[in-house]
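Subject: Structure handover

Hello,

Here is the structure for you to look through. Please open it first, then read my notes beside it.

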Amino acid sequence: DFLCISLVNGFTQLRYNLGDRTVILQTLQKVHANGNTWHSLSAGRVGNEGYLELDGINVTQKASPGMNALDTHTDFFVGGVSSLNFVNPMATENEPTGFTGCIREIVINNRELNLTVTDPKGGANIGDCDGTDCGYTVCKNNGTCQVENSGFSCSCLREWTGTMCEQSIHCSQNMCGSHALCIPQPASLSYTCACALGWTGKYCDNKIEFYIAKFVGNSYIKYTDPFYGKRDLQHSRLSLNFTTNQTEGLIAWMGKSEDEDNDFLAIGLANGTLKVVINLGERISVPLMHSKYFTCSDGRWHFITVVQNQTCIKVYLDEELILFEDIDPQRKYTALNYGGICYFGGFEFGRKVNIVTTGLFQKELIGKIKDVVLFQDSKKIQLMKAEGYNIHDGNSRN
């Protein structure tokens, strides 16, 4: 399998093969090869349907039946490869040659690659394209960079300050403590403090402990499973107690959630009813239930357990088996490769639940969670030992 973007006779070309045939897309217009025109390129695939867009003009290849997963486990190469022998003969129209030119702002599955000296795994024969201390995106938040004798300076837009326009003016005089993040609130010309796990208060200077985690809508916990390397991923299990009076909310997401191909097991509420979704591969994420019978937004404590035995899924609600389903009798994918990461209540700041879950769930949780157990562990996980923000002590009534 491969996915390759290249220049061919002045046109941009996308080629990919998911295991059955090579798909070729080519832009309608040529690239300006004068050396001083930047072009914006977007390319990729959804299943086996590919798209290629150059400067806003899109070419899409309608999918025909076939394979729809890209199984590649190599490094990601930009501009060339360490040996041209690595390039699949079908990946390019002509003999493969390295790229001559400038590349910036590479975003893979919504994550930008840092094209610096130290961030990539390796490389050779790369120069600085800009030739000045300004470079690209040195000044954050649409600031303008000026070259000076001593290096550079940034001219910031009105809402931003700092040497590289990295700080909101609303946070420049903030009183958030060392256990907090300052979150600007431009509408009210002020800010709020987001407290790290174990801290609370207006300025996050009050230490707390809890065994019931209270989520207030802009909260999340990210737990890293220390035993992930020893888990049998074909037989996963997640159980917890939760309570909420909201009709929407993500309760738990077992998976890395870095890109849409990651495996996951998810529990939440949608339209007031319980919803469980599991993806073991190829983005086949079938919502397992969505019935009015499973209404859980009643402010009471509910105990849920989801058991995955290869492709067979069991869901228990308040110790009653409410679902037993084989999501793939063909047994194509049988392991939950969740990367040792579990999220509760939501995701990191700036990562909206409806976007990360591609619409499976709409909002962060407003409610409480306790007694989380992974697999057949004899002990509950210690939520206090995880990372997260804006978690309150759920033991108290407030």
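Start at Leu 115. This residue sits in the loop between strand 8 (111-112) and strand 9 (144-148). Keep in mind that the model is predicted. Is Leu 115 buried or exposed, or something in between? Leu 115 is partly exposed, because its relative accessible area is 44% and the partly exposed class runs between 20% and 50%.

Leu 115 also belongs to a nonpolar patch on the surface. The other members are Leu 7, Phe 76, Val 78, Phe 99, Ile 103 and Leu 113. Together these residues have about 610 Å² of accessible area.

Now the chain as a whole. The chain has 398 residues, and buried residues make up 38% of them. There are 28 strands and one helix. The C-alpha trace spans about 65 × 60 × 35 Å along its principal axes.

One record is worth a look. An unreviewed UniProt entry lists "domain: Laminin G" for residues 1-129 and 210-398. Over residues 1-129, the chain is 31% strand and 0% helix. The end C-alpha atoms of that stretch are 32 Å apart.

Next, the sheet at the start of the chain. Three strands make an open sheet in the order 1-2-3, and the pairing is antiparallel. Which strands are at the edges? They are strand 1 (2-8) and strand 3 (22-26), and each pairs on one side only. On average, neighbouring strands of this sheet are turned by 20° against each other, direction ignored.

Look closer at strand 1. Seven bridges pair strand 1 with strand 2 (residues 11-17), in the antiparallel sense. Phe 2 stands opposite Asn 17 in strand 2. Val 8 stands opposite Phe 11, also in strand 2. Two residues lie between the strands in this hairpin, and Asn 9 takes a positive phi near 50°.

Strand 1 has two faces. The covered face holds Phe 2, Cys 4, Ser 6 and Val 8. The uncovered face holds Leu 3, Ile 5 and Leu 7. You have met Leu 7 already, as a member of the nonpolar patch.

Strands 4 and 5 form another hairpin. Strand 4 (residues 41-46) and strand 5 (residues 49-54) run antiparallel, and six bridges join them. What is the bridge partner of Gly 44 in strand 5? The partner is Tyr 51. This hairpin has two residues between the strands, and Gly 47 takes a positive phi near 65°.

Last come the charged pairs. Side chains of opposite charge can pair when their charged atoms come close. How many salt bridges are there? The count comes to nine. Three of them follow.

1. Glu 258 and Arg 111. Their closest N and O atoms are 3.7 Å apart. Glu 258 lies in the loop between strand 19 (249-254) and strand 20 (264-270), and Arg 111 lies in strand 8, so the pair ties together parts that are 147 residues apart in sequence. Glu 258 counts as partly exposed, at 38% relative accessibility. Arg 111 counts as partly exposed too, at 46%.

2. Arg 331 and Asp 326. The closest N and O atoms of this salt bridge are 2.8 Å apart. Arg 331 is partly exposed, with a relative accessible area of 36%. Asp 326 is partly exposed, with a relative accessible area of 28%.

3. Arg 351 and Glu 348. The closest N and O atoms here are 2.8 Å apart. Is Glu 348 buried or exposed? Glu 348 counts as buried, because its relative accessibility is 18% and the cut-off for buried is under 20%. Arg 351 counts as partly exposed, at 26% relative accessibility. This pair also has company: salt bridges that share partners join Lys 222, Glu 348 and Arg 351 into one network.

As you go through the model, try these spots in turn. Begin with Leu 115 in its loop between strand 8 and strand 9. Then find Asn 9 in the hairpin of strand 1 and strand 2. Finish at the network of Lys 222, Glu 348 and Arg 351.

Best wishes

Technical notes. Residues numbered from 1 in each chain as written. Predicted model: local features only at pLDDT ≥ 70, side-chain atom pairs only at ≥ 80, totals over all residues. Heavy atoms only, no water. Patch = residues over 30% accessible without salt bridge, like charges linked within 9 Å, V, L, I, M, F, W, Y side chains within 5 Å. Areas by Shrake-Rupley, 256 points an atom, 1.4 Å probe, with all protein chains shown as cover. Salt bridge = Lys/Arg side-chain N within 4 Å of Asp/Glu carboxyl O. Helix = DSSP H or I, 4+ residues; strand = E, 2+ residues; numbered from the N terminus. Buried < 20%, exposed > 50% of the residue type's maximum accessible area, 1.4 Å probe, protein only. Pairing = 2+ DSSP bridges. Axes fitted to C-alpha atoms, helices over the stretch in contact; angles between N-to-C directions. UniProt positions renumbered as here; feature names shortened; annotations may be inferred.
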